[in-house]
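Hi there,

Here is the structure I promised to pass on to you. Please have it open while you read, and my notes on what turned up in it follow just below.

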Amino acid sequence: MKKSITILAPLLSACLLSACSGIGLKEKSQAYAAKFTGDRVSLARCVINGLQTDSRWLIRGLQYEVRSYQDIKATEIYAYPSGALPGTYARNAINNPDAVRQPLIPRIYAHKSNADMSGEASPGYSFVMTIQRTDNETVVATLNGKKYESDIAWGKLKACSLR
């Protein structure tokens with residue numbers, strides 16, 4: 001009896017630890033949508049400038065891919081953690097003080113339906129913000145991504161819209 005207890009005790013504790021290891025580790029996501037006043041290009045530029053000058057190292061270290069869809073009057077901002085953006089090497093990494101910085105130039109794309117967009121964005125982005133023009137004075141913005149980064153980016157967008 002004692003021999004079976006000494007064998008089962010470590011096995012049960014290992015099972016309990018493995019069952020509890022996944023609790024609470026899933027990162028929460030956040031989604032926003034609202035209407036703002038302003039131009040989509042200037043709002044996107046303002047949001048990126050605000051995030052790049054933020055005092056928090058996690059936010060300041062984000063790298064961006066900006067996509068512009070002229071035919072539907074929309075701009076997408078993909079934010080990636082440091083080093084996760086495709087094409088990032090030591091010579092242009094954000095944490096390299098000697099890096100050669102290139103200006104952020106939006107890539108122009110033709111609009112595709114959501115079904116066709118799969119696989120075009122690299123996985124692992126922190127958030128994606130879409131700003132689409134609705135009329136001459138307003139835009140509709142949506143944001144999906146990791147809760148911490150998304151909350152801060154949404155706050156920056158609100159601040160940019162008030163200017």
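Let me start with a question: is Ser126 buried or exposed? Ser126 is buried, because its relative accessible area is 1%. Please keep in mind throughout that this is a predicted model.

You will find Ser126 in the loop between strand E4 (107-109) and strand E5 (127-133). Which residues is Ser126 in contact with, leaving aside its neighbours within four places in sequence? They are Leu62, Ala79, Tyr80, Pro81, Gly145, Lys146, Glu149 and Ser150. Tyr80 deserves a second look: the C-alpha atoms of Ser126 and Tyr80 are separated by 5.3 Å, although their positions lie 46 residues apart along the chain.

**The overall picture**

The protein has four helices and six strands. Read from the N terminus, the elements come in the order α-β-α-α-β-β-β-β-β-α. Of the 163 residues in the protein, 31% are buried. Among contacts with a separation of 6 or more, 65% are between residues 24 or more positions apart. The accessible surface is about 10,600 Å², and carbon and sulfur atoms account for 58% of that surface.

**The disulfide**

How many disulfides does the count come to? The count comes to one disulfide, formed by Cys46 and Cys160 with their sulfur atoms 2.0 Å apart. The pair links distant parts of the chain, 114 residues apart: Cys46 is in helix H2 (residues 40-52), and Cys160 is in helix H4 (residues 147-162). As a reminder, a disulfide is a covalent bond between the sulfur atoms of two cysteines.

The disulfide is left-handed, because the torsion about the S-S bond of Cys46 and Cys160 is about -85°. Cys46 counts as buried at 16% relative accessibility, and Cys160 counts as buried at 9%. The cut-off behind both calls is a relative accessible area under 20%.

**Arg40 and Thr75**

Helix H2 also holds Arg40. Arg40 is buried yet has no salt bridge. Why does Arg40 have no salt bridge? The nearest side chain of opposite charge, Asp39, is 5.7 Å away, whereas a salt bridge needs the nitrogen and the carboxyl oxygen within 4 Å.

What Arg40 does have is a polar contact, 2.6 Å, from its side chain to the side chain of Thr75. Thr75 lies in strand E3 (residues 74-80) and is buried too, at 4% relative accessibility.

It is worth clicking through the surroundings of these two residues, again leaving aside neighbours within four places in sequence. Arg40 is in contact with Ser68, Tyr69, Gln70, Lys73, Ala74, Thr75, Ile131, Arg133 and Val139. Thr75 is in contact with Arg40, Ala44, Val66, Arg67, Ser68, Met129, Thr130 and Ile131. Ser68 and Ile131 appear in both lists.

**The salt bridges**

The count of salt bridges comes to four, and here are some of them.

- Arg67 and Glu65 form a salt bridge, with their closest N and O atoms 3.1 Å apart. Arg67 is buried, with a relative accessible area of 2%, and Glu65 is buried at 9%. Arg67 is also one of the contacts of Thr75.
- Arg56 and Asp54 meet through their side chains at 2.8 Å, N to O. Here Arg56 is partly exposed at 36% relative accessibility, while Asp54 is buried with a relative accessible area of 5%.
- Lys147 and Asp151 meet in a salt bridge at 2.9 Å, N to O. Lys147 and Asp151 are four residues apart in helix H4, so about one helical turn separates them. Lys147 is partly exposed at 34% relative accessibility, and Asp151 is partly exposed with a relative accessible area of 27%.

Salt bridges that share partners also join Asp54, Arg56 and Lys156 into one network.

If you want a place to begin on screen, try the disulfide between Cys46 and Cys160, then the polar contact between Arg40 and Thr75, and finally Ser126 in its loop.

Happy exploring, and best wishes!

Conventions: Residues are numbered from 1 along each chain as its sequence is written. This is a predicted model: local features need pLDDT of at least 70, side-chain atom pairs count only at pLDDT 80 or more; totals for chains, interfaces and linings use all residues. Side-chain values use heavy atoms; hydrogens and water are left out. A disulfide is a pair of cysteine sulfur atoms within 2.5 Å. Helices (H or I, at least four residues) and strands (E, at least two) are DSSP runs, numbered from the N terminus. Buried means under 20% relative accessible area, exposed over 50%, partly exposed in between (1.4 Å probe, protein chains only). Contact means heavy atoms within 4.5 Å. Accessible areas come from the Shrake-Rupley method with a 1.4 Å probe; for residues, only the protein chains shown count as cover. Lys and Arg count as positive and Asp and Glu as negative; His and the chain ends are not counted. A polar contact is a pair of N or O atoms within 3.5 Å; within protein, one must be able to donate a hydrogen and the other to accept it, and residues adjacent in sequence count only if both atoms are side-chain atoms.
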